[in-house]
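The report below walks through a structure shown with its sequence, strand by strand and then at a wider scale. Please keep both views open while reading.

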Amino acid sequence: MRAYLDSLRAAGDLHVVRREVDPKHELAAVTAAFQTRHDGAILFETVRGAPMPVVSNVYGSRRRLCALVGAPDLAFCPAWDRLLARAPERAELQEATAVRRRIALSDLPHVTYFEKDAGPYITAGILLAGHPETGVPNLSFHRAMHVSDGELRIRIGSSHDLTRYQRAAEAKGEALEAAMLIGAAPEIFLAACASIPPDADELAVANAVAGGPIAVTPCETVGLSIPADTQIVIEGRILPHERRPEGPFGEFMGYYVPEEDNHVFEVTAATACADPVYHALVCGSPEDLIPLETAIAAKVYRHLNATLPGIVDVSCNPQLLNTVVKIDKQYEGHARHVLMAAFGAHRDYSKTCMVTDEDVDIHDLNDVWWAFVTRGRADTRSLVVPDVPGFYRDPHKDHWGRLGIDATKPWGREAEFERKRIPGGDAVDLAEWLNEA
Ligand SMILES: Cc1cc2nc3c(=O)[nH]c(=O)nc-3n(C[C@H](O)[C@H](O)[C@H](O)COP(=O)(O)O)c2cc1C
């Protein structure tokens, strides 16, 4: 991540705060205010009570994520698919000697984000674990509540691969060894976002993004190798048959998840590279939602593209559990086929699915709704599927059911719905006209 931050600095995408900031609420408040005006990263050089700087919003930009996967046209999904196709079956790793020093968890910045959070949380921690039987590595984000130097409590969503790993270990009465990576390189961050088949190797995805082998070094107390340049690593074990209270916590959906009995991560060691930078991520902010969005959209895109023609791009808004598919419509009823396939493409994030033509900006829901109200009927162009489970954290079935909306132009009447345009409008350089050049 250090090299990536240097590249952001050189590109003017890293904003430095020199004033001391309080890790309790103030750091999150300043980051959230910053994110309303900038999509760059923000580096807090002096954090009260902490021996290291904190960086946030490193990945809170669609533009930067697209650049990382080689999609200058901002079409993340097709570029991500091309990258996955290049991933080797098993990760190519290169042993490296890394100088890492032991630290205590109490040395880390204890960032508390929201008013009613139970306490300080690690929000940008990526858990690396190997499947207890096959050893296939998995990378995924799991928030962690700081309890003591020896204990974290973590939330593992029920539909995630790590849940399967943990259950397999628990069935044998064993703890699952894992390493929590904080401040990993961009290829590791992106691979952790990826939702690929459960038996696929997520470190191999990192190979594809990095364009070569990943330099790794062995952990000190668990049988895993970690990307050598990770800023901070917390080694430990997820205990079997042990759940303890975790939360409340201000989740990505915008409200608090109440206290629940969740997994216990017993810390066996923590290490840092020289002059580490701690990565803090505000849940529900662009740095949480944009990476999550691109990962879900890419999964839906892959599923649809494998079954139906004319799939151009997909966007998702995870906070709204909404998916939008852009198509090159090829036959009457095509959009309805896409809706039905999209409902099945992701269990969690397709409470509503919308299909648009190619001329719609699928990242702008105003434009998507404009397409629907101008091109579609509410009665015959919508589709309700009752009684289907939705987002996994749903004890009262509030997210059950699906709503589909066909916002494409009526078949055979496309010419009537051509968007108006001003000739030369795309080529205007306003600075020239306002004497700002
Ligand atoms: C920035 C970010 C933060 C996330 N935080 C959490 C979390 O705290 N708990 C959780 O269960 N899932 C969280 N997720 C979701 C999963 O970790 C993530 O979708 C991952 O890809 C799971 O994939 P897998 O099941 O293929 O391993 C987060 C995702 C992102 C992108």
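Strand β7 (residues 126-130) is joined to β8 by 5 bridges, and the two strands run antiparallel; strands such as these, and helices, are DSSP runs numbered from the N terminus, with at least two residues (E) for a strand and at least four (H or I) for a helix, while two strands are said to pair if DSSP finds at least two bridges between them. The model is a predicted one, in which local features need pLDDT of at least 70 and side-chain atom pairs count only at pLDDT 80 or more, whereas totals for chains, interfaces and linings use all residues. Residue numbers start from 1 along each chain as its sequence is written.

Within this hairpin, Leu128 has Leu139 of β8 as its bridge partner, and among the 6 residues between the strands Gly135 takes a positive phi near 80°. β8 is mostly covered, with 5 of its 5 residues buried, where buried means that 20 or more other C-beta atoms lie within 10 Å of a residue's own, exposed means 12 or fewer, and partly exposed lies in between, the C-beta atoms being placed from the backbone. Both faces of the strand share in this, since Pro137, Leu139 and Phe141 on one side and Asn138 and Ser140 on the other are all buried.

β8 also takes part in the surroundings of the ligand: the elements that give two or more residues to the shell around the ligand are β8 (137-141), α5 (161-171) and α8 (286-307). Of the 18 residues in the shell, those that come nearest are Phe141, Arg143, Gly157, His160 and Asp161, a residue being counted as near if its C-beta atom, placed from the backbone, lies within 6 Å of the molecule. The largest share, 4 residues, is supplied by α8. Sorted by class, the shell holds 8 nonpolar, 6 polar and 4 charged residues; here Ala, Val, Leu, Ile, Met, Phe, Trp, Tyr, Cys and Pro count as nonpolar, Asp, Glu, Lys and Arg as charged, and the others, Gly among them, as polar.

Strand pairing recurs elsewhere in the chain, and the table sets out three further pairs.

| Strand pair | Sense | Bridges |
|---|---|---|
| β2 (residues 41-44) and β3 (residues 54-56) | antiparallel | 3 bridges |
| β21 (residues 352-356) and β23 | parallel | 4 bridges |
| β22 (residues 382-385) and β23 | antiparallel | 4 bridges |

β2 and β3 belong to an open sheet of 4 strands, ordered β1-β2-β3-β18, in which the pairing is mixed. Its edge strands, each pairing on one side only, are β1 (14-17) and β18 (278-279). Helix α1 (residues 2-10) packs on this sheet, touching β1, β2 and β3, and its direction makes about 95° with that of β1; such angles run from 0 to 180 degrees between the N-to-C directions of lines fitted to C-alpha atoms, for helices over the stretch in contact, and contact means that the C-beta atoms of two residues, placed from the backbone, lie within 7 Å. Helix α2 (residues 26-37) lies across β1, β2 and β3 as well, running at about 150° to β2. Between β2 and β3, Leu43 stands opposite Val55.

As for β23 (residues 402-406), 4 of its 5 residues are buried, so this strand is largely enclosed by the rest of the structure. Its Leu403 is the bridge partner of Thr352, and its Gly404 stands opposite Leu383. Helix α6 (residues 186-193) is likewise largely enclosed, because 8 of its 8 residues are buried.

How is the chain divided into domains? An automatic or database domain assignment gives the bounds, with domain 1 covering 75-274 and domain 2 covering 308-411. Their C-alpha centres lie 32 Å apart, and the contact takes 9 residues from domain 1 and 8 residues from domain 2. On the side of domain 1 that touches domain 2 there are 5 nonpolar, 4 polar and no charged residues.

Two loop residues complete the account. Gly150, in the loop between β9 (144-148) and β10 (151-154), is exposed, with 12 other C-beta atoms within 10 Å; leaving out residues up to four places away in sequence, Gly150 touches Glu266 and Val267. Gln319, in the loop between β19 (311-317) and β20 (322-327), counts as partly exposed, with 16 C-beta neighbours inside 10 Å. Apart from neighbours within four places in sequence, Gln319 is in contact with Phe252, Met253, Gly254, Gly284 and Leu289.
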